[in-house]
Amino acid sequence: MRRGSLAGEGWISTSMPYLRPTGGGRGDTWREEAAAHGRRGTQRVVQAGEVSAPAVVARLLGVEAGASVVARRRIMYLDEQPCELTDSYYPARIAAGTGLADTAKIRGGAVALLAQLGYVGERVREDVTARMPDRQERELLRTGELEPVMCLERVVFDGDDRPIQADLITMPAHRQRLRYELRMG
């Protein structure tokens, strides 16, 4: 999902820079975007590998609930403050046995690796909701008990309209603003 610029104390988030491979598959888009605004963007992969698809992921990827998918769970940080929990899921037929199933850093990011594997996103659908966080989310995001979170469900489709990636993103609502700019025509 993410990034864009600063808005007061919050962060304006836009998705587009994170949906296309970067030039040459070299950079870390989040780190570079934060640095362009004088901030420090980092991430920590906390889990990666094959898992059984939860119902929401199965729906987004068009697989059976419980089917094998590859999950990559990360905590994103802005200036050492956790700003986002990002769980990315990929069909096992695409991602099993690749760097997506490993906790090591992926040169150029997951989008670049997917492109190298022959899977390029052509369309994306995002749904945003808000709710109160559970205990684990509060701890990981360092928020208070009464601070809501925004939840973004994203699915990326290839040129044949097949889902190639699903993201479940949780952000402290008071630290984020989502921005969507769409070209008409």
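I began with the hairpin of E7 and E8, which has five residues between the two strands, and I noted that Asp 161 in the turn has a positive phi of about 65°. The model is a predicted one, and I kept that in mind while reading off each value.

I then looked up the pairing within this hairpin: nine bridges join strand E7 (residues 149-157) to E8, and the two run antiparallel. Phe 157 is found opposite Pro 163 in E8.

Next I followed E8 to its other partner, strand E5 (residues 81-91), where I found five bridges, again in the antiparallel sense. One pair I wrote down here is Ser 88 with Asp 167, its bridge partner in E8. For cover, I recorded that strand E8 (residues 163-172) has 10 of its 10 residues buried.

Stepping back to the whole sheet, I traced six strands in the order E3-E4-E5-E8-E7-E6, forming an open sheet with antiparallel pairing. Strand E3 (41-52) and strand E6 (123-131) each have a single partner strand and stand at the edges, so one side of each has no neighbour in the sheet. From one strand to the next, the twist averages 15°.

At the E3 edge I checked the contact with strand E4 (residues 68-78), which pairs with E3 over 11 antiparallel bridges; within it, Val 51 has Val 69 of E4 as its bridge partner.

Last, I turned to the surface, where Val 128, Tyr 180 and Leu 182 make a nonpolar patch of about 330 Å². I located Tyr 180 in the segment after strand E9 (176-178), and I entered Tyr 180 as partly exposed because its relative accessibility is 43%.

Terms used: Residues numbered from 1 in each chain as written. Predicted model: local features only at pLDDT ≥ 70, side-chain atom pairs only at ≥ 80, totals over all residues. Heavy atoms only, no water. Patch = residues over 30% accessible without salt bridge, like charges linked within 9 Å, V, L, I, M, F, W, Y side chains within 5 Å. Areas by Shrake-Rupley, 256 points an atom, 1.4 Å probe, with all protein chains shown as cover. Salt bridge = Lys/Arg side-chain N within 4 Å of Asp/Glu carboxyl O. Helix = DSSP H or I, 4+ residues; strand = E, 2+ residues; numbered from the N terminus. Buried < 20%, exposed > 50% of the residue type's maximum accessible area, 1.4 Å probe, protein only. Pairing = 2+ DSSP bridges. Axes fitted to C-alpha atoms, helices over the stretch in contact; angles between N-to-C directions.
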